[in-house]
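Ready for a short walk through this structure? Keep your viewer open and follow the selections one stop at a time.

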Amino acid sequence: MKHLRIVVVNTIIHAGDEDDEALRAQAERARALRIGLLEAGYDIIASLPPDMYLPERIAQLQPDMIIVDAESDARDVLEHIVIATRDERRPIVMFTESDDTESMEAAMAAGVSAYIVAGLQSDRIKPVLQVALARFKREQKLLDELSDTKSKLAERKIIERAKGLLMERQGFTEEQAFQKLRSMAMSKNLKLSEVAQRILDVEDLLG
């Protein structure tokens, strides 16, 4: 498997924050995550804060996977992630300390491939990411198949409408109308549905 290009989304710890216990814990989590990723051979291309600029930065970086390290409730993070991956889906793994069922359901609905509670140990990271990637690929395949089915159904409806129009306007039988569409498609080097759509468009223009 190729080295995944990974963006990590977490709270960025700044100098002077060391006295904050929660931020210290977050820094330890970030360190454990980084160690686990590097030991597993993954390429961390950026660590980003969960702010309003996240979607733009992810679009620029084009990572293979997004890892969210959320100490507690991650709803704000999820909103930015959803926006960032709306047009181009990517596998998302979330490590969190929150076992709230509502938060987990919201994360999964938002497209998170793996939601890991209290499981940020460096030796677990590689198998977690492998499972998340496999699940993402399976879901993406199902979505692509569903989209393809819907597209074919829509094309069939367009062809049926164009056939009906030819039968009405030209007095063709259903077979003659189909052969006419097929002949036009071949002569213009177009798909059957594209020729059918053109016929319907002309009809709309002529009223």
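Begin by selecting Val93, and show what lies around it: leaving aside residues up to four places away in sequence, Val93 touches Met65, Ile66, Ile67, Val68, Ala114, Val128, Leu129 and Ala132. Do keep in mind as you go that this is a predicted model.

Next, widen the selection to the largest nonpolar core. This core has 20 residues, and those touching the most other members are Ile6, Leu37, Ile67, Val93, Phe95 and Leu129. Which elements supply at least two residues each? Colour strand 1 (5-9), helix 1 (21-39), strand 3, strand 4 (92-96), strand 5 (114-117) and helix 5 (122-170) to see them. Helix 5 gives the largest share, five residues. Apart from this core lies another, of 18 residues, including Ile58, Val77, Ala107 and Val112. In soluble globular proteins, nonpolar side chains tend to be buried together.

Now select helix 5 by itself. Its 49 residues should span 72 Å at 1.5 Å a residue, and because the end C-alpha atoms are 71 Å apart, the span agrees with that expectation. To see which parts of helix 5 are buried, pick Ile125, Val128, Leu129, Ala132, Leu133, Phe136, Ile159, Ala162, Lys163, Leu165 and Leu166. Then step past the end of the helix: Gly171 follows helix 5 and has a positive phi, near 75°.

Your next stop is Asp69, in strand 3. The UniProt record, an unreviewed entry, places the feature "modified residue: 4-aspartylphosphate" at Asp69. Is Asp69 buried or exposed? Its relative accessible area is 4%, so Asp69 counts as buried. Show its contacts, again without residues up to four places away in sequence, and you will find Val9, Asn10, Gln26, Arg29, Ala30, Leu33, Phe95 and Leu120.

Finish with two loop residues and their backbone angles. Go first to the loop between helix 2 (54-61) and strand 3 (65-70), where Gln62 sits. Gln62 has a phi near 50°, a positive value in a residue other than glycine. With a relative accessibility of 34%, Gln62 is partly exposed.

Then move to the loop between helix 6 (174-188) and helix 7 (192-206) and select Asn189. Asn189 is not a glycine, yet its phi is positive, about 55°. How exposed is Asn189? Its relative accessible area is 70%, so Asn189 counts as exposed.

Definitions and conventions: Residues numbered from 1 in each chain as written. Predicted model: local features only at pLDDT ≥ 70, side-chain atom pairs only at ≥ 80, totals over all residues. Heavy atoms only, no water. Helix = DSSP H or I, 4+ residues; strand = E, 2+ residues; numbered from the N terminus. Buried < 20%, exposed > 50% of the residue type's maximum accessible area, 1.4 Å probe, protein only. UniProt positions renumbered as here; feature names shortened; annotations may be inferred. Contact = heavy atoms within 4.5 Å. Core = buried A, V, L, I, M, F, W, Y, C linked by side-chain atoms within 4.5 Å. Expected span 1.5 Å × (residues − 1).
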